[in-house]
Amino acid sequence: HPPGLQMQGIPPLRLENCRAKGGAPGFKVAILGAAGGIGQPLSLLMKMNPLVSVLHLYDVVNSPGVTADVSHMDTGAVVRGFLGAPQLENALTGMDIVIIPAGVPRKPGMTRDDLFKINAGIVRTLCEGVAKCCPNAIVNLISNPVNSTVPIAAEVFKKAGTYDPKRLLGVTTLDVVRANTFVAEVLGIDPREVDVPVIGGHSGITILPLLSQVKPASSFTSEEIDYLTNRIQNGGTEVVEAKAGTGSATLSMAYAAAKFANSCLTGLKGDAGVVECAFVASQVTELPFFATKVRLGRGGAEEIFPIGPLNEYERVGLEKAKKELAGSIEKGVSFIRK
Ligand code: NAD
Ligand code: LMR
């Protein structure tokens, strides 16, 4: 039997025969935190992705049930489950992409930074596993606070000697998904036709939608700009409050994570012109990490696009965002260095 959870009476998998749609070799994807609120629907969506040939579902609880359930879908990917720390290495070995939604979510009244205490250690342990078992994998980091967990992951990889900044991506797609939706509502058009760049980071005022760069080109009143900026920056809190103590965004996040992972896979496959916003190591500002549009290719984030022209409202927002981001990045870095 290959490693992973085994169910009685199931014959060994002929993994060498696993293929993506159309006979292509396909990619191997692991989800760490697969039994969680994001992890479960994300597992479902990745099982439906025709570019995935092998899907590893890892969690510290409940991964056997999620694995059994998702594995019955008659889509291409072979699904294997992994439970608890002793199985982490088997979950990670050979993976092309590792998606990490492991960690605690917010409750009303909390900031994302309040999650640092618990999630920083979780992300460190999981990234140590990545460095050891699949150092060339592209990492999609979802666990909050993203503004600090991405610097934590970078420091772990540096320590292990495996750091490739192009392969470490903080997932900010949900901010773009929300921005596209809210802007489309204001404009009265289909959100699928809207493209709003969202730069900076993934928390409060560090989330900076660039409404001056919206496609299709649109103009907004100052009331609309205030409303849209506030709603996009507080979209996560809107869901946390509506869920009233039972968690934060899971379904829209799973959608966003699946969209982003699909772009990473499409880039890995060699398609040209795959562009997404992501929080990455960057030189577009004086900060070591910053979210902008990036071009995804075989090597991960192969090109980082500049911010582009800003209006005065956005310039003010950028200065505020950078101030807060600097502290969050430093907090992540010193968690590992100290
Ligand atoms: P959840 O509590 O429903 O699920 C988290 C899962 O992680 C649980 O199944 C838990 O068992 C698992 N887990 C805990 N420690 C683990 C470990 N050491 N190894 C593997 N798995 C472990 O939470 P959720 O709603 O799925 O949210 C997960 C994280 O994603 C939170 O930190 C949340 O803030 C964050 N989040 C980020 C974004 C974003 O845009 N980047 C959006 C939504 C949520
Ligand atoms: C979100 O933006 O929905 C996530 O970061 C979860 C949260 O805590 O808001």
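Here is a short conversation about the predicted model shown above.

Visitor: Before we start, what kind of model is this, and how are its residues numbered?
Guide: It is a predicted model, in which local features need pLDDT of at least 70, side-chain atom pairs count only at pLDDT 80 or more, and totals for chains, interfaces and linings use all residues. Chains are lettered from A and ligands numbered from 1 in the order in which they are written, while residues are numbered from 1 along each chain as its sequence is written.

Visitor: Let's begin with ligand 1; which helix gives the largest share of its shell?
Guide: Ligand 1 is surrounded by 33 residues (each with its C-beta atom, placed from the backbone, within 6 Å), and the closest are Gly33, Gly36, Gly37, Ala102 and Asn144. Helices here are DSSP runs of H or I with at least four residues, and strands are runs of E with at least two, numbered from the N terminus. With four residues, the largest share of this shell comes from helix α4.

Visitor: How many residues of the shell around ligand 1 are charged?
Guide: Ala, Val, Leu, Ile, Met, Phe, Trp, Tyr, Cys and Pro count as nonpolar, Asp, Glu, Lys and Arg as charged, and the others, Gly among them, as polar. The shell around ligand 1 holds 18 nonpolar and 13 polar residues, and the number of charged ones is two.

Visitor: And which helix gives the largest share of the shell around ligand 2?
Guide: Residues around ligand 2 include Arg106, Arg112, Asn144, Leu174 and Ser248. By class, this shell has five nonpolar, four polar and two charged residues. Its largest share, four residues, comes from residues 235-243, helix α8.

Visitor: Asn144 has come up twice; which residue does a cis peptide bond join to Asn144?
Guide: Asn144 is listed around ligand 2 and among the closest residues to ligand 1. Its cis peptide bond has an omega of about -5°. The partner lies in the loop between β5 and α5, and that partner is Pro145.

Visitor: Where is the proline that follows Lys215 in a cis peptide bond?
Guide: The bond from Lys215 to Pro216 is cis, with omega near 0°. Pro216 is in the loop between β8 (207-209) and α7 (222-233).

Visitor: At what angle do α4 and α5 cross?
Guide: Axes are lines fitted to C-alpha atoms, for helices over the stretch in contact, and angles run from 0 to 180 degrees between N-to-C directions. Helix α4 (residues 116-133) and helix α5 (residues 146-160) have axes that come within 9 Å. Their contact divides into ten nonpolar, three polar and two charged residues, and the crossing angle is roughly 35°.

Visitor: How is α6 oriented relative to α9?
Guide: The axes of α6 (residues 173-187) and α9 (residues 251-269) come within 8 Å and cross at roughly 110°. Angles of 65 to 115 degrees count as roughly perpendicular, so α6 is, relative to α9, roughly perpendicular.

Visitor: Which residue of β11 is the bridge partner of Leu296?
Guide: Strands β10 (residues 289-297) and β11 (residues 300-304) run antiparallel and are joined by four bridges; strands pair if DSSP finds at least two bridges between them. They form a hairpin with two residues between them. In β11, the partner of Leu296 is Ala301.

Terms used
Parallel < 35°, antiparallel > 145°, perpendicular 65-115°, else oblique.
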